[in-house]
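User: I have a model open and would like to know how its labels are earned. Could you walk me through them, one term at a time?

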Amino acid sequence: MRYLPKSPAERERMLAEIGARSIDDLFAIIPAEYRLDRDLLVPRQQAESEIIDYFRQAGEKNASGYASFLGAGAYRHYRPVIIDALVQRGEFLTSYTPYQAEITQGTLQAIFEFQTMIAELTGMDLANASMYDGSTGAAEAVMMAVRVTGRHKAVVAATVHPEYREVLATYAKHQSLPSTLVGYERKSGRVDLAALEAAVTEETAAVLVQSPNFFGVVEDIPALAEIAHRKGALLLVSISEAVSLGIVRPPLEADIVTMEAQSFGVPLSYGGPFCGVIATREKFVRQMPGRLAGQTVDTAGNRGFVLTLATREQHIRREKATSNICTNQALVALMATVFLAVYGREGIRELAEHNLAKAHYAARTLGAQPGTKQLFTGAPHFHEFVLETEESPASLAERLLKEKIVGGIALGRWYPELAHCTLWCATEVTTRVQIDRAAKVLAARLEMTERNQALKGQGFKTV
Amino acid sequence: MATNSPSPGPRTTGKVRPHQTQNEALLFEKSSPGKRAYKLPSLDVPPVNPASLLGAALRTQAPLLPELSEIEIIRHFTRLSTWNYAIDLGMYPLGSCTMKYNPRVNEFVARIEGLADAHPYRPESLAQGILEIFDLLERCLLDITGMEAITLQPAAGAHGEFTGILLTRAWHESRGNPRHKILIPDSAHGTNPATAAICGYEVENLKSNADGGIDLEALARQVTGETAALMLTNPSTLGVFENQIHKIADILHDKGALLYMDGANMNALVGKVRPGDFGVDVMHLNLHKTFSTPHGGGGPGSGPVACKRFLEPFLPIPVLVRSQMATEVGAPGPGSPRTGLGPWGGDPSHLGTREGTASAPAEWEEFDADQSEIEAGPLFRAPFFDPSTGERVGDDDPMPLHAGAPGPGSPRTGLGPWGGDPSPLGTGETQSKSPLHWDYNRPHSVGRVRAFYGNTGMFIRALAYILANGPDGLRQTTEDAVLNANYIRKKLEDIYELPYNTPSMHEVVFSDRRQAARGVKTGDIAKRLIDYGFHPYTVSFPLIVPGALMIEPTESESVEELDLFIAAMRSIAHEAETAPELIKNAPHSTRVSRLDEVQAARKPILRWKPPA
């Protein structure tokens, strides 16, 4: 076996030194009736070339070459080549959690840089070293708000990513943490402020919103904060499209920002691993879940970094910890750190502006097709938008697929009232040609309908 | 091995140190306005005016991100990397962490086009390649664990614990009483009690016996009708196999409680013994431990949860299912959870070459024909669980938890997970088009534990590892891991105190009792080990051993590396007698010396700020 650095003779010698007759002696403690007396039912040992062939074929079978307008919490952005060149350095890739600070200063300084970048982008005082993903980060943020306020109810906007809300429901179920759902305004797609006002009470720990929200609409953060704060609740803002922060005003009035940083150079990889992160105000830091890197000095006065405030964490506090989380997404956070170093202060704005321009063109072009209407135009958007079509999303998707286009995701599965709506996303990698091709497909439906009506008029049965 | 020079010398500025101790400022300190490492393509759509599109939502103050050129970024992170210890540099004897080699082919295949760039919401008809990877990994993990149903969704080990305890809770609830406490041995990982707490359970501590194992009498006393489960690590954090495991399972099952296994130490068991066979009801795996996905400096992990059939209805949504009657891709027929028909349900070609698909490497190894002679039985009698009543049906054993009888308590005495399938490997006469898809319609599910489906990138790597090993390689891996730990034990037990004399599996736990007499503690020995070129072992854990040194070499170490480690440990033990101060001030060879953690926590500096 090519990963095992021992010859048969070496194994024999080691057994002899231990005083064992055979390897079975070392497993003698396992009662015989439980020992596995057959080979595992896994594929036989493969050569490296066979392994690569297998996964290449799986990749090909997945079908590529499709233009995609999918977003909804997972975004296609260009990944600069140096990201993979750097994160594949064995010293980053194969290092453990930096508990031994003297020999993990590289990881620790990179985390410190990540925390600084996230704090800068979100307008918060500080950020943690990352969480599993945006969905669990949002749930952890709500539990954090419960600890901060001592209250036990949450108010959640219906425009938060539906899967994030499902995750929150799973987490909240056994924490005696009921939550109230608040709907959206039909014109703007923003949180219904009157409904929010009615839902937030003196018992509300957290108001959780998303901005840009699931429909791509930028929420009115100051207005939301005013309502939450008036009743003493914390405002939690989830951000699933991190690139938006290049051009969209950060949620400065929020108390906790919970973000998915996948857009910062992390591959889509069918939904994971991604990179959640929580940012907050300084005064709440001791209630924050997850790892934190902090600056300090060594015995000679040199600057150095350590994992700090560990008394919040499970390995010290056990059942009284702020969370059971025992990991961060270190390597994925490193991708984000390299990505942000590449784009930098100017580049992140320019990148976000390209996204804005592409989406604006796409929304205008696609929304102008007959039988198609863009919804929620009453508020600003970043790079996602909702189209309502006369045609059913299933039929539209099928016609688009024939043209090798994956259109917007159908919203009916989460919002029954939007059964004829699809959520579209355009980023800097979406091309005008792709947008124009999709527009043609949308337009073709009308031609088909007209033809059918004409045929119908002549007494033909239509398809 | 020679001792390194005792001190890095005086503070210096500029580039006057050896490479790994060269100074490297923060990115922000190196920034200067106007430098760039990016170039966007020219815009092919009309430019927009952000101020008019966004109005009050426009960002007016730019974030203080660094401005650097590409070469500076490369040098920055390359230099930072040289400050890290890593598996690629040497042995990582961290007990319970299983720091094994991370094969490079894993990284290569995880980046293959069509996999790395697959959007989670792409239509299932365009995701069959990835779903087949999920499917094959699930099958492999089910056989490795001896369990009957699985979810890959949890993002890490602790997240898997959370999911597993939620399943336990949901099952108890379906029987009318969620119960209120979870038993946890005093030797357990800190995540176990933290997990029980966030699942709404009270934690009850279970004291270890004189051997560091489960005290059966105490267990029998403490398990009541209010005990939901015992969370057990096996082998224990002492590296000891609980050989009374089935009695433990019986005590729990007699009171209707479940046995949860923390799979942190699965590297001692793969291919040799299966938790599903010794009475475990639900467990998690750590793909970043046992299955070689990289730790990456603290993540990402991946924590699949495997369980017995009676817990299957509660798995997080969505669950991967294979349509039985599908006629074409994109038109799935009547869905049937594979778990309802044995782990791979309607597809009789377990791991077999599916004709006309790209799913299987050319030839799967044949195995003994007698493996396929197992008669058809309860696993193929659906349904096994009536969702309307929460009762098991169609099974001979109404309360499946008792050991010894066929059924979930002991599948090996009844049927293997390959159930009644007469030809698990298939002959090619199999369904060639069986699209896999996600089933969201699962009314008893505990819900979702994260967005999308799991850390797919880690599944690809773990499966690549399993393929590279095969059944023989996986077994040899386990044997080598246990061999290495026992070799270290033998070579150090005369000089370091062995608090428990029970046989070791994949890790060995010493105590610092003898060295502490000279004022040298386990934490000091660990720091001194750095000067000898090794990463420290796990310090002061498990908590039941005062001054613990927990050593897990894994299978990835050669005899030469083990001998160097042993020599280092013996040399440090000698230094403890002759020069204890040398150890107490270690390390002496690193870029920074011991860091002031008290100051870091008292006045936290958690981000860079521009100088005032």
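Analyst: Happy to. Helices (H or I, at least four residues) and strands (E, at least two) are DSSP runs, numbered from the N terminus. Under that rule, chain A comes to 14 helices and 15 strands. This is a predicted model, in which local features need pLDDT of at least 70 and side-chain atom pairs count only at pLDDT 80 or more, while totals for chains, interfaces and linings use all residues. Residues are numbered from 1 along each chain as its sequence is written, chains are lettered from A and ligands numbered from 1 in the order in which they are written, and side-chain values use heavy atoms, with hydrogens and water left out.

User: What share of chain A is buried, and what makes a residue count as buried?

Analyst: Buried means under 20% relative accessible area, exposed over 50%, and partly exposed in between (1.4 Å probe, protein chains only). By that test, buried residues make up 65% of the 463 residues in chain A. As for contacts, which are heavy atoms within 4.5 Å, 72% of those in chain A between residues at least 6 apart in sequence join residues at least 24 apart.

User: How many residues make the contact between the two chains, and what area is buried there?

Analyst: Chain B puts 218 residues into the contact and chain A puts in 182. Buried area is the accessible area (1.4 Å probe) that two parts lose on being put together, summed over both; here the figure is about 18000 Å², with carbon and sulfur atoms giving 63%. On the chain B side, B:Arg59, B:Tyr121 and B:Leu606 lose the most area to chain A, together 5% of what that side buries.

User: What makes A:Glu17 and B:Lys491 a salt bridge?

Analyst: The rule asks for a side-chain nitrogen of Lys or Arg within 4 Å of a carboxyl oxygen of Asp or Glu. The N to O distance for A:Glu17 and B:Lys491 is 2.6 Å, so the pair qualifies. Across this interface the rule finds 14 salt bridges. Helix 10 (residues 456-492) of chain B gives the most to the side that touches chain A, with 29 residues. That side of chain B divides into 124 nonpolar, 49 polar and 45 charged residues; Ala, Val, Leu, Ile, Met, Phe, Trp, Tyr, Cys and Pro count as nonpolar, Asp, Glu, Lys and Arg as charged, and the others, Gly among them, as polar.

User: Why is B:Asn484 called buried or exposed, and which residues is B:Asn484 in contact with?

Analyst: Its relative accessibility is 0%, so B:Asn484 counts as buried. B:Asn484 lies in helix 10 of chain B. Leaving aside neighbours within four places in sequence, B:Asn484 is in contact with residues of both chains, including A:Lys6, A:Met14 and B:Leu562.

User: Why are A:Tyr184 and A:Tyr415 called edge-to-face or stacked?

Analyst: Rings of Phe, Tyr and Trp (its six-membered ring) pair if their centres lie within 6.5 Å; planes under 30 degrees apart count as stacked, over 60 as edge-to-face and the rest as tilted. The count comes to 32 aromatic pairs over all chains. For A:Tyr184 and A:Tyr415 the centres are 6.2 Å apart and the planes at 80°, so this pair is edge-to-face. The two residues are 231 apart in sequence, and both A:Tyr184 and A:Tyr415 are buried. Ring pairs also link them into a cluster with residues including A:Trp414, B:Tyr121 and B:Phe452.

User: How do you know that B:Glu72 and B:Lys35 tie together parts that are apart in sequence?

Analyst: Their side chains meet in a salt bridge at 2.6 Å, N to O. B:Glu72 lies in helix 3 (residues 70-82) of chain B and B:Lys35 in the loop between helix 1 (27-30) and helix 2 (50-54), so the bridge ties together parts 37 residues apart. B:Lys35 has 29% relative accessibility, so B:Lys35 counts as partly exposed.

User: What makes B:Asp524 and B:Arg594 a salt bridge, and is each one buried or partly exposed?

Analyst: Their N to O distance is 3.3 Å, so the pair meets the salt-bridge rule. The partners are 70 residues apart, with B:Asp524 in helix 12 (residues 522-531) of chain B. At 11% relative accessibility B:Asp524 counts as buried, whereas B:Arg594, at 23%, counts as partly exposed. Elsewhere, salt bridges that share partners join A:Arg79, A:Asp84, B:Glu107, B:Arg111 and B:Arg461 into one network.
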